[in-house]
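Subject: Structure for you to look at

Hello,

Here is the structure I promised to pass on. Please open it before reading my notes below.

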Amino acid sequence: MKSLGVRAGILSVVLFLAFCLAWQIAVTPSTSSGPALDPEYAKLMGITTVGAQSAMPGPLDVAQKFWDAMKNPFYDNGPNDKGLGLQLLYSIGRVAIGYGLAVLVAVPVGFLIGMSPLAYRALDPFIQVLKPISPLAWMPLALYTIKDSNLSAIFVIFICSVWPMLLNTAFGVGAVRKEWLNVALTLEVGAWRRAFTVILPAAAPTILTGMRISIGIAWLVIVAAEMLVGGTGIGYFVWNEWNNLSIANVIVGILLIGIAGMILDLILARLQRRVTFPE
Amino acid sequence: MAEIDSKFISIEGIARRYPKREGGVTTIFENLWLQVPRGEFVCIIGHSGCGKTSVLNILAGLETPSDGAVIVDGQAISGPSLDRAVIFQGHALLPWRTVLGNVAYAVSSRWRKAGKAEVDERSRRFIELVGLKGSELKKPAELSGGMRQRVGIARALSIEPKILLMDEPFSALDALTRGTLQDEVRRICTATGQTVVMITHDVDEAIYLADKIVLMTNGPEAMVAEVVANPLPKDRVRDSIHRHEDYYVVRNHLVDFLVSRSRTFRDEKPAGYDPRRPPIVKLGSAAQAAEMANTIPFPATASARD
């Protein structure tokens, strides 16, 4: 009997192949069954170029496009023709800046809020109202006030990823076990040292949970934001290829968004594991 | 000097009151007086709810009394201090630090300017003292309950406190582990002449460890009924302690107190009871011999309650 991991891996591959097969069958034009398209009607609809072939690409077409894109990911032939790797880097760069700023704000502010039950109670209604606002709802306001589409995208990333981190940090700091604080008190540990040697390590797993939720949100938001602001980025790429009616490229873009999001989450998950302590 | 030594810890009229939800005040205890001489091992025993943990937290400086003051070594306490180490009921180790890290945290807090090597050396010495040599780099989660509490003891002792405060330190352990840890604590404390105040509800633990046993009545409005001087010899050992002729005299006295007198004491105070000077009760053969020679009856001896 092989290990669970190996068996799960085999099953994953089998499922993937079955999915690709079903996909291929679904897009293969049927020659025998069904009435052939009336050529006149087809002409009218502008699909003469593809003939009986569906506009939906098969898995092999997508794999081909994917391979082409991966062969040369960083070329730059002007605003409408950039390598996929380059587009991805633009998106990751935006997320890094917006998310990084959010971390810099949310963790210290959350720390202070968590230390003071008064502040926690007073600020809670604001946070609860601001938290569920869709990122794109901020967009017009951001574009009007900031007047720069790129900065607006970063602002939207910031404003959407700040709340989960703020709440989790405040909660984690507020929930530090009394006995650990008492240990520090009886050892006459000063406030600063106490914050860094007791409260921060005790709250770190909760803070990292918030950071992990936020990076997921940030990555969701950037694709949507880039579709709106345009110019560069993986979201813009997907929208641009839709305008080009290149569904294969759209699927490649979707795949890359998923993979990049997974990697971002894995990085945060690894960080989270490092600060988590068993009790 | 002798005056200061016999009043090394002086609890002077402390009270603990909470506001009731429906108005008014709940008094856990008030006008509580107690003195602990230097180098003595004192156990406070009583039912839960009598505020004994509050008394310990006030001694530790983690709680402020609603009234009264505590004077240690001639100085009123005003908060937690490195002079008073606490061994907590739940070991209260920092789980993200190793055994060594936990003890070193205390040592480096005590000696802020000490170098890393010094802190390390001292921490290892105390880890060895409690018999955990070889487990320095383990995390608390990898240790058994008894071993964790040993780390707690090492941490408390490593800062050389004037007073060691223990809040039911062994109550969460199994009987066997509890026994060995009691032995260790007794060995270390008698060797160093450590002043100890310990909360417990275990009668045998109190008789084995304590020089004096403070009996607290039930709360609310708990009070110190009496202080029992332990008649057993200083060199008592666990294996033979129950064969000592005075053992059951003390034990019965304590159990009787917990079973009935802790409840009725408040209404049946012996004549001349003064909360400022709780009577010191001497039991056993030596005390009886003294009583023969002395006609003044001891207040609050077992016969007084009938």
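What follows is what was found, taken topic by topic. Keep in mind that this is a predicted model.

**Chain A: record and helix content**

The UniProt entry for chain A is unreviewed, and it lists "domain: ABC transmembrane type-1" at residues 88–268. In the model, residues 88–268 of chain A are 88% helix and 0% strand. The C-alpha atoms at the two ends of that span are 19 Å apart.

UniProt also gives the feature "transmembrane region" for chain A, again from an unreviewed entry. The spans are 88–113, 151–171, 191–210, 217–239 and 245–268. Two of these spans are worth a look. Residues 151–171 of chain A are 100% helix and 0% strand, with end C-alpha atoms 30 Å apart. Residues 191–210 of chain A are also 100% helix and 0% strand. Their end C-alpha atoms lie 24 Å apart.

**Where chain A meets chain B**

How many residues does each chain bring to the contact? Chain A gives 15 residues and chain B gives 17 residues. On the chain A side, α8 (178–186) and α9 (191–229) each supply at least two residues. The largest share there, six residues, belongs to α8(A). By class, the chain A side has nine nonpolar, three polar and three charged residues.

**Chain B: the four-stranded sheet**

One open sheet in chain B has four strands, in the order β2-β1-β4-β5, with antiparallel pairing. The edges are β2 (25–36) and β5 (75–76) of chain B; each has a single partner strand, so one side of each has no neighbour in the sheet.

Strand β1 (residues 9–19) of chain B pairs with two strands named here. Nine bridges join β1(B) to β2(B), and the two run antiparallel. Five bridges join β1(B) to β4 (residues 67–72) of chain B, also antiparallel. B:E12 is a handy landmark. B:E12 has B:A69 as its bridge partner in β4(B). In β2(B), B:E12 stands opposite B:W33.

Look at the hairpin of β1(B) and β2(B) too. Five residues lie between its strands, and B:G23 takes a positive phi near 90°.

**Chain B: the seven-stranded sheet**

Another open sheet in chain B has seven strands. The order is β6-β7-β8-β3-β9-β10-β11, and the pairing is mixed. Its edge strands are β6 (84–87) and β11 (280–282) of chain B, each pairing on one side only. Neighbouring strands of this sheet are turned by 20° against each other on average, direction ignored.

At the β11(B) edge, strand β10 (residues 224–229) of chain B pairs with β11(B) in the parallel sense, over three bridges. B:A229 has B:K282 in β11(B) as its bridge partner.

**Chain B: a helix pair**

How do helices α3 (residues 99–110) and α4 (residues 116–129) of chain B cross? Their axes come within 9 Å and cross at roughly 120°. The two helices are therefore oblique to each other. The crossing of α3(B) past α4(B) is right-handed.

From α3(B), the residues that meet α4(B) are B:V99, B:L100, B:V103, B:A104, B:V107 and B:S108. From α4(B), they are B:V119, B:D120, B:R122, B:S123, B:R124, B:F126 and B:I127. By class, this contact has eight nonpolar, two polar and three charged residues.

Best wishes

Definitions and conventions
Residues are numbered from 1 along each chain as its sequence is written. Chains are lettered from A and ligands numbered from 1 in the order in which they are written. This is a predicted model: local features need pLDDT of at least 70, side-chain atom pairs count only at pLDDT 80 or more; totals for chains, interfaces and linings use all residues. Two residues are in contact if their C-beta atoms, placed from the backbone, lie within 7 Å. Ala, Val, Leu, Ile, Met, Phe, Trp, Tyr, Cys and Pro count as nonpolar, Asp, Glu, Lys and Arg as charged, and the others, Gly among them, as polar. Axes are lines fitted to C-alpha atoms, for helices over the stretch in contact, and angles run from 0 to 180 degrees between N-to-C directions. Angles under 35 degrees count as roughly parallel, over 145 as roughly antiparallel, 65 to 115 as roughly perpendicular and the rest as oblique. A crossing is left-handed if the near helix is turned anticlockwise from the far one by less than a right angle, and right-handed if clockwise. UniProt positions are given in the numbering used here, feature names are shortened, and annotations may be inferred rather than shown by experiment. Two strands pair if DSSP finds at least two bridges between them.
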